[in-house]
Each structure stands twice: as structure tokens, then as C-alpha cells.
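Q: Please take a close look at one buried charged side chain in this model and at what surrounds it. I would like the local picture first and the wider context after that.

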Amino acid sequence: MGRLLLRLLFVLALPVVLVALWWAASDGNTDPFWPPLRTILKTFPDVWTADRLRTDVVPSVLRLLAGYATAAVVGMALGTVIGSYRRVRAVCEPVLEFLRAVPPPVLIPVIMLFAGIGDTMKVVVIASGCVWPILLNTVEGVRAVDSVMLETARSYGVKGPARLRHLILPSASPQIFAGLRQALSIGIILMVISEMFAASNGIGFTVVQFQRSFAIPDMWTGILVLGLLGFLLSVVFQLVERRVLGWYHGLRASTRRS
């Protein structure tokens, strides 16, 4: 119980300090573009009502999850194939390096030509940016599978889907989850950017509308919503990661103790 309280203290210490500094630095400020934190927090419940959460936050989260899930499936599938076969990797590597260097926001006008301006466009934009860290980490994770374990599995006749399920994916899963974690933050950024183009709802759309109407405190509340959303998604991701990679974290803990 004491360790849990100490850990909770460490987790909350920095956010509390940053909020206190923000409160002190902005208190009494008359700059209309830098309102006091007191004003932002007072405005928050009036802006983000249950109706606005339903019409703006929920669609944003659904687009993010759809794009993220698409990128996860495509990235893991392609990464497993590319990482497993040297010739495939040699052929695909130049093309992957070229495509990875293209910033996803630059592709938004092109994607709009083919996918329109609806939710499909936003999901494709999110997926196009999230796929790269997942794909590249999956490739490296599959390549790093112990060759001795691969030979042992081959000697015992473990092939095809069984080897993929019981050896390759579990061995590569720590690195795959590292890519999934990186992709999550990229997905939130692209969710906001995509909603600034030809959108009628969403958090990014709402923040831009507040900025254009000079509702500055309302705009800052939207930024707080994005921060809270990112924090909640990170917590959920950590819970899933600890459950799926429980064996890995247990192995690391036992190694440190020894």
C-alpha cells in the first residue's frame, strides 16, 4: 500500500507543479490571448457539455480508433512478412524509406481527392501516419527473433501459423508495442489536423472555430480536452500492454532482482 501511494505521488507530482506554475504565471493576466487558468477552468463546464461531448469528442475518438486499428492491422501484417523474408525486405526497403519520409499532413489534399471530405478521409489520414512506427518496429522485432529458437521450432516441425502464433509474434511483441505506443501519439495529432480540413464536427474543428471567433478561453478548453484525451488513452494503452506483455515485464523484473 505504501509503495502504491509513493508511486501515485510521483505520477501526480509533476502535473500538480505544472498546473500551479500555469496558475501563478497567468493569474491577473490581461492579455486576451493568454487568459488566466482560473478563467479557462471556469469556462470549461459551460463549453464541454454532454451534448458537445457527444457531437464532437465521440466522433473524434471513433475516427482515431478506426485509423489506429487499420494501421495496426496493416503495419503488423506487412511488418511480419517483410521481417520474415530477406528478399522481400530488400525489395520493399527503398519504397518504404521514400514513403516514410513524406509527412502525412502533406497527403491530406491528395487523400481528399480520392476519399472525399467525410470520415473516410480522416480515417485514412490517421492510418497513413500511424502505420509507419508499427510497421518498422514489427519488421525489426521479427528480424530480432532468436535464430536458435527458430531452428528449434523447425526441428520440432512447428511451421506456418503455429510458429507465427507461438514464437514470432510473442518474441516480437515488445517491439511491436513500442511502435503501437508511438503511433498513438501520432494518431492524436493527425486526428486534430484532419478535422481542420473540411470538417463539420470533431475536437480539431471545434478548436479552430473558437479561434476564428476569438473565443480564446473556449479555445484553450479544447486544448485541455485534447490533453486529457491523450492522457486517458495512454493509461488504457498501458493497462493493455501490461496485460499482454505480463510475461515480458515479469522476466525483466526477475532479471533485475538476480
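A: The account below starts at Lys122 and works outward to the rest of the chain. The model is predicted. Its chain has a mean pLDDT of 87, with 95% of the residues at 70 or more.

Lys122 sits in helix α6, which covers residues 119-143. The side chain is buried and yet has no salt bridge. Its nearest side chain of opposite charge is that of Asp119, at 4.9 Å. Because a salt bridge requires a nitrogen of Lys or Arg within 4 Å of a carboxyl oxygen, the distance of 4.9 Å between Lys122 and Asp119 does not qualify. What Lys122 does have is a backbone partner: a polar atom of its side chain lies 3.4 Å from the backbone oxygen of Gly118.

Leaving out residues up to four places away in sequence, Lys122 touches Arg63, Ile117, Ser194, Glu195, Phe197, Ala198 and Ala199. Two of these residues, Arg63 and Glu195, belong together with Asp119 to a network of salt bridges. Lys122 thus touches Arg63 and Glu195, while having no salt bridge itself.

Within that network, the side chains of Asp119 and Arg63 meet with N and O 2.9 Å apart. Asp119 belongs to helix α6 and Arg63 to helix α3, so this salt bridge ties together parts separated by 56 residues in sequence. The two partners differ in burial: Asp119 is partly exposed, at a relative accessible area of 45%, whereas Arg63 is buried, at 6%. Helix α3, residues 50-84, has the highest mean pLDDT among the elements of the chain, 94. The lowest mean, 71, belongs to helix α11, residues 246-257.

The structure holds nine salt bridges, and two others show a local arrangement. Arg100 pairs with Glu97, the closest N and O atoms being 2.8 Å apart. Both lie in helix α4 (residues 86-100), three residues apart, or about one turn of the helix. Arg100 is partly exposed at 41% relative accessibility, and Glu97 is likewise partly exposed at 35%. Glu151 and Arg154 form a salt bridge of 2.7 Å, N to O. These two residues are also three apart, in helix α7 (residues 147-155), which puts about one helical turn between them. Glu151 is partly exposed, with a relative accessible area of 45%, and so is Arg154, at 40%. In general terms, side chains of opposite charge can pair when their charged atoms come close.

Covalent links between cysteines are absent from the picture: the count of disulfides is zero. Of the cysteines, Cys130 is buried, with a relative accessible area of 0%, and Cys92 is partly exposed at 26%.

As for the chain around this site, it has eleven helices and zero strands. The C-alpha trace spans about 75 × 55 × 30 Å along its principal axes. Of the 258 residues, 35% are buried, and Lys122 is one of the buried residues. Among contacts with a separation of 6 or more, 73% join residues 24 or more positions apart.

Technical notes. Residues are numbered from 1 along each chain as its sequence is written. This is a predicted model: local features need pLDDT of at least 70, side-chain atom pairs count only at pLDDT 80 or more; totals for chains, interfaces and linings use all residues. Side-chain values use heavy atoms; hydrogens and water are left out. Helices (H or I, at least four residues) and strands (E, at least two) are DSSP runs, numbered from the N terminus. Buried means under 20% relative accessible area, exposed over 50%, partly exposed in between (1.4 Å probe, protein chains only). Lys and Arg count as positive and Asp and Glu as negative; His and the chain ends are not counted. A polar contact is a pair of N or O atoms within 3.5 Å; within protein, one must be able to donate a hydrogen and the other to accept it, and residues adjacent in sequence count only if both atoms are side-chain atoms. Contact means heavy atoms within 4.5 Å. A disulfide is a pair of cysteine sulfur atoms within 2.5 Å. pLDDT is the predictor's confidence in each residue, from 0 to 100.
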